[in-house]
Amino acid sequence: MKKPVIEFNSYSFKYHSQVDPTLQDLNLTIFEGERVLIVGPSGSGKSTIGHCINGLVPFSYKGDVDGNLKIKGQEAKDLDIFSLSKIVGTVLQDPDGQFIGLTVGEDIAFSLENDCIEQTRMVELVDEVAKMVEMDRFLSASVHHLSGGQKQRVSLAGVMIDQVDVLLFDEPLANLDPATGKYAMELIDRIQKETNKTIVIIEHRLEDVLHIDVDRIIVMDDGKIIADMSPDKLLASNILEEIHIREPLYVKAAKYADCVVTEEMKPSKLQLFAVDKEKLNLWYESADSIIPREKSQSILELNELTFQYHPGHETIQGVSLSIEKGEMVSLIGKNGAGKSTISKLICGFEKLSSGTIHFDGQDITKDTIKERSERIGMVLQNPNHMISKHMIFDEVALGLVIRGVPEQEIQERVENVLKICGLYPFRNWPISALSFGQKKRVTIASVLVLDPEIIILDEPTAGQDLRHYSEIMDFLVELNRNGKTIIIITHDMHLMLEYTPRAIVIDAGKKIADESAITVLTDAEIIRQASLKETSLFELAKRAGIREPKEFIGRFIQYDKEVRKKWQ
Ligand SMILES: Nc1ncnc2c1ncn2[C@@H]1O[C@H](COP(=O)(O)OP(=O)(O)OP(=O)(O)O)[C@@H](O)[C@H]1O
Ligand SMILES: Nc1ncnc2c1ncn2[C@@H]1O[C@H](COP(=O)(O)OP(=O)(O)OP(=O)(O)O)[C@@H](O)[C@H]1O
C-alpha cells in the first residue's frame, strides 16, 4: 500500500483580501512516489494549492482555512514553515523571488549549508548539479546578471539537491528554451526514479510535461477540482477543450480531423498514439493553406553589432539583420544566447562596442534612449519590472508626463490607448488589483501611448493560459494590422509558428538562421544548435504519411486560428 503524502480533506481557503474562497471543498490525496500534474485556467487556484502544500499559506499569505490538510500524516497547521521546508522543496513561478545567495554557487549550496554537509562534499555536489543544468561555467557569476532562463536553471538545480520528500514545481518551464525544458523534464524523471520522491508540477505547457510519464492529471477550474484521472483518459475526453486548456498539438490535430480519440489509443504519448492515418490525410487534403505576406521595405537595420558586458567576452558578435515595415517576426534561441541583449542594444539601454543601427534609413546609433523610445518600444518579460506607479492611468501617462506633453493631450492619448488595450473600464483602478495578463496589457499600453512604430516584446505570453494567450496575441495582431512592426522574443515554438512567418535564430551571440518559422522548426541542425524542439505536428504528419509534413503544420495553424476566433 502506498503511503499518502499530501491529503486535502474538504479543504477550502479564502485569502483575507478576497470575498470568495479561492479553493473550494478540495478532496485530493497524493501518494508517495506519485507524479501529479495540475492544470487549469489562469486564476483557477493552482498556485494557491502549491502555497498550501509548501506552507506559504498561511505563513506568508493570510486567509481562512476550512477542512484539513495533512502533509506526511501531520496536520499542516501544526507544522512550522521550517519543518515543512524539510519535507517540500519548491521551484517558484518567478525565479527572482527565490534567490538567497549572491552567486550561482552560493545559491545552489544554500540548502546543503542548512543541512550541515561537510565542505568538500558540498563543493562536489554543487558542481555536480550545476553541470546537470549546464550552469557550471557560471558558479561565481552573480545571479542578478543571468538571463531569464539561466535563472530558472539555477532554481531547478537548487531544488534538485534538496533532501526533501516532495518536489513542487510551479511553472518550471516558463522561461526555459524548448530543449532545456525537455531536458528539465528528463531530469525530474530521473531524480524521481532514483529517489522515489513525490512530484507535483503546475504547468501550462501540458505537452512538454507529458514528455515524461505522469500518473495523474488534476484539472482545476474556478477553485474546484473538475477532473482527476490518467493522462490518456483525460486526453480522450473533452474536458481540456471545454475550459480552453491547450491539448498536445498532435491530439488537437487528430480531433480536428474528426478521429475518435480513446484512452486505449494512448494519446498521452505521440510515439504510441494509434491515430487514424486515413482521416488525417483526408483532413489535410481539405484544409486551407496559410496566405503568405507580401514583402515591404525595411524599417530597422542592424549592421555588424558587437557588444560585451565584460571585457574579453563578446556577448554579441557581429549581428546583422533587417526587419520589414509591418512585419511580425520572432527572435528565438537558447537561454543566454543574447536575445534580450540585442533588444537592449536596439533600444539603447546598453551601448554598442561597434556596429550601426538604422531606423527608416536614418542612422540612430548615437540617439539617446528617450529619442529611440519614440520610435521603438520595448515590453519587458516581467511586468512587475516595468511598473512604477500605483494607478493604471498614471502608469500609462508616465512617458508623456516626462516628455512635458500638455495635460489635455495626455488625457486624450491615455484614454485612447486604454480603450485599444481593453483597459478603459479599469482606468481608475490600482494596478495591484489586476491579474498578471492585465498587468502585461498595462505595460504594452504604456509603450503604445508613445506611438512607436516598432514594438519589441520579451515573452509576451509566458505563464498565460490559452485564453489569455489568444487575447494578448490577437491584440498584437490587431496592432500589427494597423501598421505596427512587432518583434517577439519567445521560447514558445507554437507561438512562433502561429503568429510570426519569419524567425531569426540567435546562438552564442551570433545570428545562425533567418528563415520562415516552419523551415526553422523542421531543420534538425538548427533545432539542435539553438536548443529548439521539433513540433509534434511534424512528427504526426510524417507518421501519417502526409505528402508535405511542413504544409500540414501550416494548415493546422490556419485551422486552429479560425476555431479559436469563435471563442471571442
Ligand atoms: N496573495 C493573494 N491575495 C489575494 N488574492 C490572491 C492572492 N494570490 C492569488 N489570489 C487570487 O486567487 C485566485 C487564484 O490564484 P492562483 O495564483 O492560485 O491561480 P493560478 O491557477 O495559479 O493562476 P496562474 O495560472 O495565472 O498562475 C486569483 O483570483 C487571484 O486573484
Ligand atoms: N547585466 C549583465 N551583466 C553581465 N552579463 C549579463 C548581463 N545580462 C546578461 N548577461 C549575460 O549575457 C548573455 C546573454 O544574455 P541575454 O539575457 O541576452 O540572453 P537571452 O537570449 O535573452 O536568454 P533567455 O532566453 O534565457 O532570456 C548571458 O550569458 C547572460 O549571462
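This report walks through the predicted model of one protein, from its overall build to its ligand sites.

**Overall build**

The protein contains 23 helices and 20 strands. Its radius of gyration is 24 Å, close to the 24 Å that the globule rule gives for 568 residues, so the protein is as compact as a globular protein of that length. The C-alpha trace spans about 70 × 55 × 50 Å along its principal axes. Of the 568 residues, 47% are buried. Contacts also reach across the sequence. Take the contacts with a separation of 6 or more: 68% of them link residues 24 or more positions apart.

**Domains**

The protein is divided into three parts: domain 1 (4-245), domain 2 (246-286 + 535-568) and domain 3 (298-534). Domain 2 is thus written as two stretches of sequence, 246-286 and 535-568.

How far apart are the centres of domain 2 and domain 3? Taken over C-alpha atoms, 31 Å separate them. The two domains still touch: 12 residues of domain 2 are in contact with 10 residues of domain 3. On the domain 2 side, α22 (536-543) and α23 (549-565) are the elements that give two or more residues. Helix α23 gives the most, with six residues. By class, this side of domain 2 has five nonpolar, two polar and five charged residues.

**Two open sheets**

Strands of a sheet pair through backbone hydrogen bonds, either parallel or antiparallel. Two sheets of this model show antiparallel pairing.

One is an open sheet of four strands, in the order β2-β1-β4-β5. Its edges are β2 (23-31) and β5 (74-75), each with a single partner strand, so one side of each is left without a neighbour in the sheet. Inside this sheet, strand β1 (residues 4-15) runs antiparallel to strand β4 (residues 63-71), and eight bridges join them. One place to look is Ile6, whose bridge partner in β4 is Ile71.

Another open sheet of four strands has the order β12-β11-β14-β15. Here the edge strands are β12 (316-324) and β15 (362-363), and each pairs on one side only. Seven bridges join β11 (residues 298-307) to β12, and these strands run antiparallel. Within that pair, Phe307 stands opposite Ile316 in β12.

**Ligand sites**

Now turn to the ligands. The table sets out the shells around ligand 1 and ligand 2.

| Ligand | Residues around it | Closest residues | Classes in the shell |
|---|---|---|---|
| Ligand 1 | 15 residues | Tyr15, Ser42, Lys46, Ser47 and Thr48 | three nonpolar, 10 polar and two charged residues |
| Ligand 2 | 17 residues | Ser147, Gly149, Asn335, Ser340 and Thr341 | three nonpolar, 12 polar and two charged residues |

Which helix gives the most to the shell around ligand 1? Helix α1 (residues 46-54) does, with three residues. Tyr15 and Ser42 are also among the closest residues to ligand 1.

Around ligand 2, two helices each supply at least two shell residues: α6 (148-160) and α13 (339-347). Why does ligand 2 lie between domain 1 and domain 3? Both domain 1 (4-245) and domain 3 (298-534) give residues to its shell, so ligand 2 lies between them. The closest residues include Ser147 and Gly149, along with Asn335, Ser340 and Thr341.

Key: Residues are numbered from 1 along each chain as its sequence is written. Chains are lettered from A and ligands numbered from 1 in the order in which they are written. This is a predicted model: local features need pLDDT of at least 70, side-chain atom pairs count only at pLDDT 80 or more; totals for chains, interfaces and linings use all residues. A residue is near a molecule or strand if its C-beta atom, placed from the backbone, lies within 6 Å of it. Ala, Val, Leu, Ile, Met, Phe, Trp, Tyr, Cys and Pro count as nonpolar, Asp, Glu, Lys and Arg as charged, and the others, Gly among them, as polar. Domain bounds come from an automatic or database domain assignment. The radius of gyration is taken over C-alpha atoms; the globule rule is 2.2 Å times the number of residues to the power 0.38. A residue is buried if 20 or more other C-beta atoms lie within 10 Å of its own, exposed if 12 or fewer, and partly exposed in between; C-beta atoms are placed from the backbone. Two residues are in contact if their C-beta atoms, placed from the backbone, lie within 7 Å. Two strands pair if DSSP finds at least two bridges between them.
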